[in-house]
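Please open the model in your viewer and keep the selection panel at hand, since this tour moves from one selection to the next.

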Amino acid sequence: MDWGFVHKTWDKWASTNIGYSGYPLKAALLINYDPTGPSRLLSTVAEQEGMKANPIELSHFVNFIKHNKLQTENFIIGSNQYLVTSIHENWFSARCINTLKAAGEGAIVMQTAAYILVALYEGSIGPASRAMAAADQLTWQLGRKNL
């Protein structure tokens, strides 16, 4: 695995896509993930920006994906609980069900060969489209190296 490429790509991507006012994402998390690996191998945070991942929540989230509970359960990231609203081949979207923000909050979760990207945004349809474009940009760059 080309850690140098991943780190450099993440830093460049995060600097233009993650922030508050004017950025498509409020936070993002890149998780090492191998669905075919032994269950004793724990997924770890490869990169994060705008949030601090809790290892226990991360473990629950990875199990949520690994056991394909997208249609039957909610997941938690930070203090927010999310409900999956749309499922596709290598990604899904979710809306926060306990937000205090008037326009709401959401998550785009994309899977590559070696990672899970969690992209968090604030807002509704327009911000969701911008978040999707930002997340897709990073996963495309990782996919070029089959990561």
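In which loop, between which two strands, is the place of Asn98? Select Asn98 and you will find its place in the loop between β5 (91-96) and β6 (105-111), where strands (E, at least two residues) and helices (H or I, at least four residues) are DSSP runs numbered from the N terminus. Before going further, note that this is a predicted model, in which local features need pLDDT of at least 70 and side-chain atom pairs count only at pLDDT 80 or more, while totals for chains, interfaces and linings use all residues. Residues are numbered from 1 along each chain as its sequence is written, and side-chain values use heavy atoms, with hydrogens and water left out.

Staying with Asn98, its relative accessibility is 35%, so it counts as partly exposed (buried means under 20% relative accessible area, exposed over 50%, and partly exposed in between, with a 1.4 Å probe and protein chains only). Now add Ser79, Asn80 and Gln81, with which Asn98 is in contact when its neighbours within four places in sequence are left aside; contact here means heavy atoms within 4.5 Å. A polar atom of the Asn98 side chain lies 3.0 Å from the backbone oxygen of Ser79, and the side chain of Asn98 also reaches the backbone nitrogen of Gln81 at 2.9 Å.

Next, select Lys26, whose place is in the loop between α1 (3-17) and β1 (27-32). Lys26 counts as buried because its relative accessibility is 17%. Not counting residues up to four places away in sequence, Lys26 touches several residues, among them Asn80, Glu105 and Glu122.

Then turn to the aromatic rings and select Phe61, Phe64, Phe75, Tyr82 and Phe92, which ring pairs link into a cluster. Rings of Phe, Tyr and Trp (its six-membered ring) pair if their centres lie within 6.5 Å; planes under 30 degrees apart count as stacked, over 60 as edge-to-face and the rest as tilted. By this rule the count comes to 7 aromatic pairs. The pair of Phe61 and Phe64 is stacked, because the ring centres are 6.4 Å apart and the planes stand at 20°. Both residues lie in helix α2 (residues 55-66), 3 residues apart, about one turn of the helix, and both Phe61 and Phe64 are buried. Phe64 also forms a tilted pair with Phe75, at 5.2 Å centre to centre and 45° between the planes. This second pair links distant parts of the chain, with Phe64 in helix α2 and Phe75 in strand β3 (residues 75-77), 11 residues apart.

Definitions and conventions: Polar contact = N/O pair within 3.5 Å; in protein donor to acceptor, adjacent residues only side chain to side chain.
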